[in-house]
Amino acid sequence: MILDIDSIETFYGETQALFGLSLNVEEGEVVGLLGPNGAGKTTTLRSILGLTPASIGRIEFDGVDITHEATHKITRAGVSWVPDDRRIFPTLTVERNLSIAAKKTRFREWNMGEMFEIFSPLEYLLHRECENLSGGEMQMTAIARALLGSPGLVLFDEPSQGLAPKIVQDVMQTITRLKQEGIAVLVVEQNALSALEVCDRVYVMDMGRIVHHGPARTLLEDDAKRISLLGI
Ligand code: ATP
């Protein structure tokens, strides 16, 4: 198991956001984390990354307890993040944003040639300052940055948010490619239908708790269950 979250409770000051949340991801598995606004999906990612550490419970990545580890050590161990707001340095070029993020871990290393193969426009954007990129170009840069960090697990937060359908399709294809390469993915998505199509399993959250988990296929096929859990 690459990620094992056991009964975590996470707080923002006195406000509790996660209540005894347990979730796991196998190597090479694509897992979706779905649910309404404010359910605690982003907080789950922030807890894994050590940005808002869990106060109670335990998080293991690749067999190591990372519950209270510093974020830079967690990413160096092989957890990459594609945040919903991309967090690209706007005044730096694409090339510089990517080179800052490149590192080696025990997992597969990716090179720039592979980035151009996955996202062909990137090659022509290398010298562009990131503040001049479109939303889709920004997302490509954020995903390439995550891959150049040689991850064993990639956390995607709302990867399709604000993107044109063609780009959403590219993002979902990239997630499938990661799976083929044996890299695990945990994807938070409002666009539940496209997530269900790429995920092996899903967890549905509400009010800081997991309210359902199981194969993505079950929710795709069972209209009544999907509508009651996801409203779609
Ligand atoms: P969304 O899709 O709207 O981001 P989410 O499922 O990702 O929803 P979270 O952002 O994790 O939900 O929020 C979970 C709970 O924690 C919510 O009640 C939210 O108001 C609260 N929360 C999130 N960030 C903070 C913060 N910085 N300070 C205080 N409370 C917060």
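In this predicted model, an oxygen atom of the ligand sits 3.3 Å from an N or O atom in the side chain of Asn37. The backbone joins in too: a polar backbone atom of Ala39 is 3.0 Å from a ligand oxygen, and a backbone N or O atom of Thr42 is 2.8 Å from a ligand oxygen. Beyond the ligand site, the points below walk through the strands, the cores and two helices.

**Around the ligand**

- Asn37 and Ala39 belong to a run of residues around the ligand that also takes in Pro36, Gly38, Gly40, Lys41, Thr42 and Thr43.
- Tyr12, Ala17, Glu158 and Gln190 are also among the residues around the ligand.

**Strands β1, β4 and β5**

- Strand β1, residues 3-12, is antiparallel to strand β4, residues 56-61, and five bridges link the pair.
- Within that pairing, Asp4 is found opposite Glu60 of β4.
- β4 also pairs with strand β5, residues 64-65, again in the antiparallel sense, through two bridges.
- Which residue of β5 is the bridge partner of Phe61? That partner is Val64.
- Two residues separate the strands in the hairpin of β4 and β5, and Asp62 there has a positive phi near 55 degrees.

**Nonpolar cores**

- The largest nonpolar core has 43 residues, and the members touching the most others are Val94, Leu122, Val154, Phe156, Ile175, Leu178 and Cys199.
- Helix α6, residues 135-148, supplies the largest share of this core, with seven residues.
- A second core, separate from that one, holds 29 residues, including Leu3, Val25, Val31 and Ile48.
- With neighbours within four places in sequence set aside, Val94 makes contact with Leu122, Leu125, Leu126, Arg128, Cys130, Leu133 and Thr141.

**Helix α6**

- How many of the 14 residues of α6 are buried? The count is 12, and the helix is mostly covered.
- The buried set includes Met140, Ile143, Leu147 and Leu148, along with polar or charged names such as Glu137, Gln139 and Arg145.
- The cover over these buried residues includes β6, α3 (94-101), α4, α5 (122-125), β7 and α7.
- The geometry of α6 checks out: at 1.5 Å a residue its 14 residues should span 20 Å, and the end C-alpha atoms are 20 Å apart.
- Just past the end of α6, Ser150 adopts a positive phi of about 50 degrees.

**Helix α7**

- Helix α7 runs over residues 165-180, and its 16 residues should span 22 Å at 1.5 Å a residue; the end C-alpha atoms are 23 Å apart, which agrees.
- Buried positions in α7 are Val168, Val171, Met172, Thr174, Ile175, Arg177 and Leu178.
- Those buried residues pack against β3 (30-34), α4 (112-118), α6, β7 (153-157), β8 (184-188) and α8 (192-198).
- Of the buried residues in α7, Ile175 and Leu178 are also among the core members that touch the most others.
- Gly182, just after α7, takes a positive phi of about 85 degrees.

**Ser80 in strand β6**

- Ser80 is part of strand β6, residues 79-82.
- Is Ser80 buried or exposed? Its relative accessible area is 4%, so Ser80 counts as buried, the cut-off being under 20%.
- Leaving out neighbours within four places in sequence, the contacts of Ser80 are Ala146, Gly149, Pro151, Leu153, Val154 and Leu155.
- One of these contacts, Ala146, is itself a buried residue of α6.

Technical notes:
Residues numbered from 1 in each chain as written. Predicted model: local features only at pLDDT ≥ 70, side-chain atom pairs only at ≥ 80, totals over all residues. Heavy atoms only, no water. Pairing = 2+ DSSP bridges. Helix = DSSP H or I, 4+ residues; strand = E, 2+ residues; numbered from the N terminus. Core = buried A, V, L, I, M, F, W, Y, C linked by side-chain atoms within 4.5 Å. Buried < 20%, exposed > 50% of the residue type's maximum accessible area, 1.4 Å probe, protein only. Contact = heavy atoms within 4.5 Å. Expected span 1.5 Å × (residues − 1). Near = heavy atom within 4 Å. Polar contact = N/O pair within 3.5 Å; in protein donor to acceptor, adjacent residues only side chain to side chain.
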